[in-house]
Amino acid sequence: MTDLTKLKISEARDLLAKGELSARELTEAHITAVEGFDALNAYIVQTPEKALEMADAADAKIKAGEQKGMTGIPVGIKDLFCTKGVETTACSHILNGFKPEYESTVTQNLWDDGAVMLGKLNMDEFAMGSSNETSYYGPVKNPWRKGDVDTVPGGSSGGSVASVAGFAAMGATASDTGGSIRQPASFTGTFGIKPTYGRCSRYGMVAFASSLDQAGTITRSVRDGAIMLESISGFDPKDSTSIDMAVPNFEAALTGDIRGMKVGIPQEYHLAGMPGEIEALWHKGIEWMKEAGAEVVDINLPHTKYALPTYYIVAPAEASSNLARYDGVRYGLRETPENGGLIDMYEATRAAGFGDEVKRRIMIGTYVLSAGYYDAYYLKAQKVRQLISDDFARAFEQCDVILTPTAPSAAFAFGEKTDDPLAMYLNDVFTVPASLAGLPGSSVPAGLDADGLPLGLQVLGKPWDEETVLKVSEVIEKAAAITAAPNEWWR
Amino acid sequence: MSEIDKATVAKIARLSRIKIEEDKLEPLAGELNNILGWVEQLGEVNTDTIEPMASPVNAKLRWRDDVINDGDKQESVLKNAAKAEFGFFAVPKVIE
Amino acid sequence: MSEYRIQGATGDFEVVIGLEVHAQVISKSKLFSGAATEFGAEPNSQVSLVDAAMPGMLPTINGECVRQAVRTGLALGAQINKFSVFDRKNYFYADLPQGYQISQFKHPVVGEGTILLDLGDGKTKEVGVERIHLEQDAGKSMHDQHPQFTYVDLNRSGVALMEIVSKPDMRSPEEAGAYLTKLRTILRYIGTCDGNMEQGSMRADVNVSVRRPGEPLGTRCEIKNVNSIRFVRQAIEVEARRQVDILEDGGEIDQETRLFDPNKGETRSMRSKEEAHDYRYFPDPDLLPVEFDDAFVDAARESLPELPDDKRKRFVDDLGVSDYNASVLVAEKENADYFEELLAKLGNADMAKKASNWVISDLFGLLNKAGKTISESPVSPEQGAELLGLIEDGTISGRTAKDVFEEMFETGKNAAVIVDEKGLKQVSDTGELEKIIDTIIAANPGQVEQYRAGKTKLIGFFVGQVMKETGGAANPGVVNKLLQPKLDG
Ligand SMILES: [Mg+2]
Ligand SMILES: [Zn+2]
């Protein structure tokens, strides 16, 4: 074994089980990888000592015959998840220095299974962004370059995808509000899965838009995604929107058998002006489905074009309220102008603490909820959201799963879209509808574009049917058989 | 639907408790107008008979039992505060 | 009661009053967290990370608070909404950690109901309740502890409140006072709020407007957080007067929030809190709709005790207690409880009227003098029943009973013990009394003659003589019975 960081979670798990590998060895290799990963700016906090402690505990667990899927597996944690005693800022200056006195349920589930924490991963500030350029700690670089030009890793889970694609973590937690798992997975050739809203607890996950936020995972294979997702999932009484449903054995769903399955192709996702390569990739995916014995059916999601505007009302509205707690009183940054009163402190703190995109969304959200505009914007968006959700319900009467491209393009260069918020928002055109409906969805690496950059296909399932999403994802993964990897220019 | 002017931006900023410098109001008004102009396409959709959707979860609220199982952690509560004294959070004096 | 009018220089004005009462729900833990609700703890010690609005913390609802709101609604005969929604009310304040209050806006848990006011002399008036919704209390800001800083304590943050909103049905300070009194009585009966206004577990926002009788509603002002019934009455008086003065001067009323200053006896504008309020209510996405079924409502109804209006009616109709006594007894649940226990121990419903008189004049008299509440009474209902029994069976006279009771009140001793120790048993032995009566009749021939000539009032003179002879121990009833035939000859 030359490079332990190249192992998949499933492979490491089997080696750990056989005693051919220790969690400590695996963790040490990853600590080294993380240290050599600075150029990508993926980690904003590294926790090597904690990692080694956890690795030793994992080794003891394995010896005691208590190994689970994630035992001894080194992972990175998106900075959106509160980790007890470890700085958690959601990559916002306003949470400067914040060390939670509590652990998020998602991370606690991982630690309970014996996973090992390597550190906290960079992200767009408060998960608001699609290129990881809004982080207070600076942008994350995509391990995949366009020639020798740096590209964005996508967002908001930019640190998560970069660390996994670049072999600086075996898996990473991520979160998806409008596509923040799937779009960056597509940009980095990783597998990202967002489960059904309510599958993973939101307790201890810094809120962006509560009715949309859902935790998920980034891994280098579908099987790894199944293993890690199973670990973080489950009912949590501390989250009123967590649903009391048994978590299936996700890995067992990976049978490769999709014969007779009906795969829906939404006609509205054929966007005018979409790069030919994306269209071609989609068609390739459709062929793979047929070859595997599935039946491909055209479906309609008539309100698709309204999903983005709906999202850009609902999400900022909820965010404007969720982010009101950052006021300088109980934690985080406080700016006190001389001779200023309480309101001056609020205004100065929030002006200094929030970045431009966050401010923009807070202001949009405040506006659409304010007196006289609520009905025209917010209420209207909630109604259209219902129509979008109904579209999917109707479509799923005709099919078992839906196949689409994940993003309308491959990874782009830094600064390419930062001046135009609307152009940036369009990145999420394929991912947002399912977020609004709360559906499970994945992005599977399915090919490379002419520049050698990864492209993903999106698989959407019925509520609570992550198993089908995983099963279909794995069939695509096998058919695509991608062997390319980033050239590790940072080493 | 409505044009956001400088004064409106200032009003929203005040409601949001975010200090925006005078010279930033105009450009911000432009940005917000762009975004709002774009979302206004929702006006095309007929939603007369549609109930608003507040959450993807179609369930009723789960209830907790009335037991005391939290609190009694003053230190944790105050630990991250910029200023805490005598067990209180301290903020710039409010004159009512 | 005659109609309440404010006399202006140009004529009379009518005042229109609506009340929003914030009543702290009786529950062990908070509305959305497991921290305790108890009053008076160390600052920030009854605070969970949820109450402090730490990042990623989420609310989970205390079912007992929903049940208490439903019970309150049922006690007010109100519509119970089996589907209700929690909304966020967004505003910034130092003691509002989330930057929003979780409340109910469009879909409250309780809809319309009524409260029957007791206006004295058996007069009543119905006041409509618009709605009751559940919401979180804020924390507490202290502005006077430090020259530069306001101190914030979040112990109250997240405690469940019921906001009980009346219709603008009240027309005088007295009616507003009667409304609060009655509401408090009901809440205390059913145990959903302790009604303690000093500790702030019941606070009133008072909406006041004035108009010429018969004209449409005027512009109202909201007087915030008035914390005693007396202040509510005073605040209405001065606010109504202020508005009348403005109108008569040709001015207009600004719709605004005001504060009552009891020291100065005036209301003043709270401009600081007024600034650009736009609460941006929207459904809280961290919570789902509250839903329950008929069985839940039925169980809540079953759990209600007899309500004051029903109790009062029963006292009057079934027990023969006077209207006045009945209303005094039911005004506080503890009084009614004492009275009912007293009756139960007496085991004689016919004595209800006498028992009610004793509670209201004798017991309340001494309690008042001693500054004690009924639950602190040194004389238990059981002891009271024994005392009343001794009067009823003629062992002691009513006069003696007063002395015995005073001693009971002081020492906590039982009535029979005191009667024994002091030899207060009254003489009911007819043989002994007859002897005394005969002697007295013999000694007062003149009075006997006058009596027999028709001056029958003189019987009092003879009773008096017998009492004097027996040192007050004679049973006056027996004396009367014996005297009459002898005097009549
Ligand atoms: Mg109010
Ligand atoms: Zn209220």
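**Close-up views of a predicted model**

**View 1. Thr404(A) sits in strand S9 (residues 401–405) of chain A.** The model shown here and in the other views is predicted. Thr404(A) is buried, because its relative accessibility is 0%. Setting aside neighbours within four places in sequence, its contacts are Pro266(A), Tyr269(A), Trp282(A), Phe430(A), Leu457(A) and Gln458(A).

**View 2. The largest nonpolar core holds 205 residues.** Phe126(A), Phe392(A), Leu403(A) and Ile476(A) touch the most other members of this core. The element that gives the most to the core is helix H12 (residues 374–395) of chain A, with 10 residues. Residues touched by Phe392(A), not counting those up to four places away in sequence, are Tyr269(A), Leu301(A), Ile402(A), Pro433(A), Ala434(A), Ala437(A), Leu439(A) and Leu460(A). Another core, of 112 residues, lies apart from the one described above; its members include Ala78(C), Phe315(C), Val359(C) and Leu388(C).

**View 3. Ser389(A), in helix H12 of chain A, has a contact in chain B.** With a relative accessible area of 17%, Ser389(A) is buried, because the cut-off for that class is under 20%. Leaving aside neighbours within four places in sequence, Ser389(A) is in contact with Ala437(A) and with Met53(B). Between Ser389(A) and Pro433(A) the C-alpha to C-alpha distance is 8.0 Å, and the two are 44 residues apart in sequence.

**View 4. Lys78(A), Ser156(A) and Ser180(A) carry the UniProt annotation "active site".** The annotation comes from an unreviewed entry. The annotated residues span 103 residues in sequence, yet no two of their C-alpha atoms are more than 11.3 Å apart, so they gather at one spot. Ser156(A) is placed in the loop between S3 and helix H5 (158–165) of chain A. Its relative accessibility is 0%, so Ser156(A) counts as buried. Leaving aside neighbours within four places in sequence, the contacts of Ser156(A) include the annotated Lys78(A) and Ser180(A), and among the others are Asn122(A), Asp124(A), Asn132(A) and Ser175(A).

**View 5. The loop between S3 and H5 of chain A has a cis peptide bond at Ser156(A) and a positive phi at Ala127(A).** Most residues other than glycine have a negative phi, and most peptide bonds are trans. The bond from Gly155(A) to Ser156(A) is cis, with omega near 5 degrees. Ala127(A) is not a glycine, and its phi is near 65 degrees. At 3% relative accessibility, Ala127(A) is counted as buried. Ala127(A) is also one of the residues in contact with Ser156(A).

**View 6. Helix H4 (residues 105–112) of chain A is mostly covered.** Of its 8 residues, 6 are buried: Thr105(A), Val106(A), Thr107(A), Asn109(A), Leu110(A) and Trp111(A). The buried residues of H4(A) pack against helices H3 (48–63) and H7 (222–232) of chain A. They also pack against strands S2 (74–78), S3 (116–121), S4 (171–176) and S6 (214–219) of chain A. Just after H4(A), Gly114(A) has a positive phi of about 95 degrees.

**View 7. Arg17(B) lies in the loop between helix H1 (6–16) and helix H2 (22–39) of chain B.** Arg17(B) is not a glycine, but its phi is positive, at about 55 degrees. The residue counts as buried, because its relative accessibility is 10%.

**View 8. The zinc ion (ligand 2) is bound by donors from chain C.** Its protein donors are His22(C) (NE2), Glu135(C) (OE) and Glu163(C) (OE), at 1.9 to 2.1 Å. The spacing of the donor residues in sequence is H-x112-E-x27-E. Glu135(C) belongs to strand S8 (residues 124–136) of chain C and Glu163(C) to strand S11 (residues 160–166) of chain C; this pair, 28 residues apart, links distant parts of the chain. Glu135(C) and Glu163(C) are both buried. The magnesium ion (ligand 1) is 4.7 Å from the zinc ion (ligand 2).

**View 9. An open sheet of 3 strands in chain C has the order S6-S5-S16.** The pairing in this sheet is antiparallel. Strands S6 (100–103) and S16 (282–283) of chain C are at the edges with a single partner strand each, so one side of each has no neighbour in the sheet. Strand S5 (residues 87–90) of chain C pairs with S6(C) over 4 bridges. One of the residues involved is Lys89(C), whose bridge partner in S6(C) is Gln101(C).

**View 10. Chain C is assigned three domains.** The assignment gives domain 1 as 6–300, domain 2 as 306–422 and domain 3 as 430–488. The centres of domain 2 and domain 3 of chain C, taken over C-alpha atoms, are 32 Å apart.

How values were computed. Residues numbered from 1 in each chain as written. Chains lettered and ligands numbered in written order. Predicted model: local features only at pLDDT ≥ 70, side-chain atom pairs only at ≥ 80, totals over all residues. Heavy atoms only, no water. Pairing = 2+ DSSP bridges. Helix = DSSP H or I, 4+ residues; strand = E, 2+ residues; numbered from the N terminus. Domains from an automatic or database assignment. Buried < 20%, exposed > 50% of the residue type's maximum accessible area, 1.4 Å probe, protein only. Contact = heavy atoms within 4.5 Å. Core = buried A, V, L, I, M, F, W, Y, C linked by side-chain atoms within 4.5 Å. Donors = N, O, S within 2.8 Å, 3.2 Å for Na, K, Ca; no water. UniProt positions renumbered as here; feature names shortened; annotations may be inferred.
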